[in-house]
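Let's take a walk through this structure together, starting with the overall fold and ending with the cysteines. Keep the 3D view open as you read.

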Amino acid sequence: MIEIFGVPLMALYSQLMLGLVNGSFYALLSLGLAVIFGMLNIINFAHGALYMMGAFCAWMLLSLFNVGYFGALIIAPIILGLIGILIERFLLKWLYQVDHLYGLLLTFGLALIFEGYFRSKFGVSGETYDVPDLLDGPVNLGFMVIPKYRLWVIFLSLVVCLLTWFVIEKTRLGSYLRAATENPKLTQAFGINVPLMVMLTYGFGVALAGLAGVMAAPIYQVSPLMGSHLIIIVFAVVVIGGMGSIMGAIVSGLGLGIVEGLTKVFYPPLSSTVVFIIMALVLIVRPAGLFGREK
Amino acid sequence: MRIAIYLILLIIGAVLPHFVYPVLLMKILCFAIFACAFNLLLGFSGLLSFGHAAFFGGAAYVSGYLIKNLELPTEVAIIGGVLSAALMGWLVGILAIRRQGIYFAMVTLALAQMVYFICLEAPITGGEDGMQGIPRGSFLGLSLKDDLTLYYVIFTGFILAFLIIYRTIHSPFGQVLKAIRENESRAISLGYDVPKYKLLAFVISAAFAGFAGILKMLVFNFATLTDVHWHMSGDVVLMTIFGGIGTILGPVVGSSIIITLEDQLTDSAGDMVTVIMGVIFVVCVLIFRKGIVGESVALYQRMLGRKNLPQVK
C-alpha cells in the first residue's frame, strides 16, 4: 500500500474528500454571509439556524407531503428565501439607521428563537433523511471509491457558488448590486430600487443557507443543533477570507474544509480547532483577511 | 439621590437572603458581576465581545482544577483563576483589537469557540460531563459549606467588583475609553495609544468575567461546558442590553431580571426558555435599545423637562 508520511494514501484521499464536502458547506454558507454583508452591512447570526431550518424543511416535505429530495432542493430554498424576505421587511429594515452591531444582535435573537423552537419540538437527537436512490451507492473514480452523494454535494455547491459569482460579477443585475453596495444613495438616484434589492439580497442569502441545509440533510443528522456549531466555524472562515470578495468566500470555504480534513489525518486532536488557529495567524499577519481589502 | 439608591440596594442585598433562596441570589450576583464586566467593554469602550463565556467558564475550570486536583486553598484558586482569565483576555484581546465592529465580535466569538473545544477535549476537564464535585473549601477561615456564609462572601465580592469597575469607568482611563467609543480616529489624532487602551479594557473586563465564573463555580460546585458555550456569551449581552448599555446599574438590573425569569420559566417552559430569551432579545434590539435603566433615566429627565442634559452617566 502506498503511504505518505506514514498515512495510507486511501485514508488520505477519503479525508480529503470529507474535507471537500465540509468545505462545500463552508463555502455555501460563507458565500451567503458575504452577499448579505455586502448589501446590508449585517452579519447574519441566524445563518446557522436558517441552514438547520432548510434541512428540516426537506425532512418535513418528505414526511408530510411526500416531496422527494430533488423537489426539496428547489422548494426549500424558496420557502427559506421567503422567510428571509419577511425577516428583512419586518425586522431588519428598522435597524439600518443605527449601529450595524444591532443587526448582529437581532439575528442572534432570531437564531435563539428558531433553535429553541425546533429543539422543543424535535428534541436534540434529530431525524434521519435518506440519500435519494439516484445518488445512492458508491462510485469508482479510478484512484478511490466514494459515495456518489458526496461527489454530488461537491459538484452542486461548486456550480451554485460559481453561478452566484458569475451573476454578481459579470451580469447587469450584478452590477446594480455592486453599485448599491458601493453607494446606495447614488444608485437609488439613478432610478434603481435599492430597498427592493436589499430585500432580495437578504432573501437570496437565506435561500443559499436553506439550500445548504437540504444538501446536508442526507449526510448529517437533521437536528436542531446542526447549525449552531457550523455557524461559528463559518464566521472564522469569513474572518480568514475577508468579506471583500465573493471568490474569497468560496475559495477560503473550500480551502479550510480541506485543511480540516488533512488535520484529521495527520493530527486528529487539532482538527476541531485548526480553523480558529489559522484565523489567529491570519489576524496577526494580515488583519483584513486573505482576500479582504483594508478600509 | 444616587447615594440613596445605592444605600437602599445595599440594604436589600444584605437582608434578602433571609427571605429568598440564597442560591438563586448568588447566581444573580455572579451574573451581575459578569454583566458589569461586560458592560465596561460594550458600554464604555464600544467593543462588542461575543466571546466572554470563554473567560467566565475558562476561569471556572482553572479554579476548579486548582481546588479539586491540586487541592489548593480557595483563596489561591480564586486568584489563580482571575489571573488566568486576565491572561486569556490578553491573548484574545491582542488578536481581536486588530479588527473593529462586526469583525471584532466574530473574532472574539471564534476564539471563544476554540476555548470551548479545548474544554471539551482536554483530559482534565471531564469532557461532556464537565468538572464535577468541586468542594467550596473555606475563605479566610470561614467555612463556605453554609449557603448563607457563601452568600455574604459573594456579596462582598460583588460590591468590591462593582466599586472597582465604577472607579475604572470614572477614572481618566475610563474617560479615554469613552473618547475612543465616541470617535476612535479623533482619539488617535489626540495622541492616545488606542490599541493599548482597548487591550487594557479588554483584560480588565475578562478578569472580572473570570471572577464571576469562579464564584458561580463555587456556588454550584461544578464547571461545565454550558459556562463556555456561546449561548452564555449571548446571555450576558442580553442582560446588559436589557438593563441598559453604558449605565452603571443597568447590568445589575438586567441580570437580576433575566436570571429570575430563567429560574421561574425553566420548570414550566423547558426548551421554550431559549425562545423567550430570543424574543426578549429581538424586542430589546428593535424598540428598547436603551434598556430598563436607560429608559427610566430618560423618562425621569423628560419629567423634569431637562431635555438637553448630556448623556446619562
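In this predicted model, the secondary structure of chain B consists of 13 helices and two strands. The radius of gyration of chain B is 19 Å, close to the 20 Å that the globule rule gives for 313 residues, so chain B is as compact as a globular protein of that length. If you lay the C-alpha trace of chain B along its principal axes, the spans come to about 55 × 45 × 40 Å.

Now look inside. Of the 313 residues in chain B, 56% are buried. The contacts tell you how the chain folds back on itself: among those in chain B between residues at least 6 apart in sequence, 76% join residues at least 24 apart.

Next, turn to the outside. Chain B exposes about 13,400 Å², and 67% of that area is supplied by carbon and sulfur atoms. As for charge, chain B carries 20 positive and 17 negative side chains, with the centres of the two sets 17 Å apart.

Finally, the cysteines. How many disulfides does a search of the whole structure find? Over all chains, the search finds zero. B:C119 makes a good case to inspect: the closest cysteine sulfur to its own is in B:C30, 18 Å away, which is too far for a bond, given that a disulfide needs two cysteine sulfur atoms within 2.5 Å. B:C119 is also buried, with a relative accessible area of 6%. Over in chain A, A:C57 is buried as well, at a relative accessible area of 11%; for both residues, the cut-off for buried is under 20%.

Conventions:
Residues numbered from 1 in each chain as written. Chains lettered and ligands numbered in written order. Predicted model: local features only at pLDDT ≥ 70, side-chain atom pairs only at ≥ 80, totals over all residues. Heavy atoms only, no water. Helix = DSSP H or I, 4+ residues; strand = E, 2+ residues; numbered from the N terminus. Rg over C-alpha atoms; globule rule 2.2 N^0.38 Å. Buried < 20%, exposed > 50% of the residue type's maximum accessible area, 1.4 Å probe, protein only. Contact = heavy atoms within 4.5 Å. Areas by Shrake-Rupley, 256 points an atom, 1.4 Å probe, with all protein chains shown as cover. Lys, Arg positive; Asp, Glu negative; His and termini not counted. Charge placed at Lys NZ, Arg CZ, Asp CG, Glu CD.
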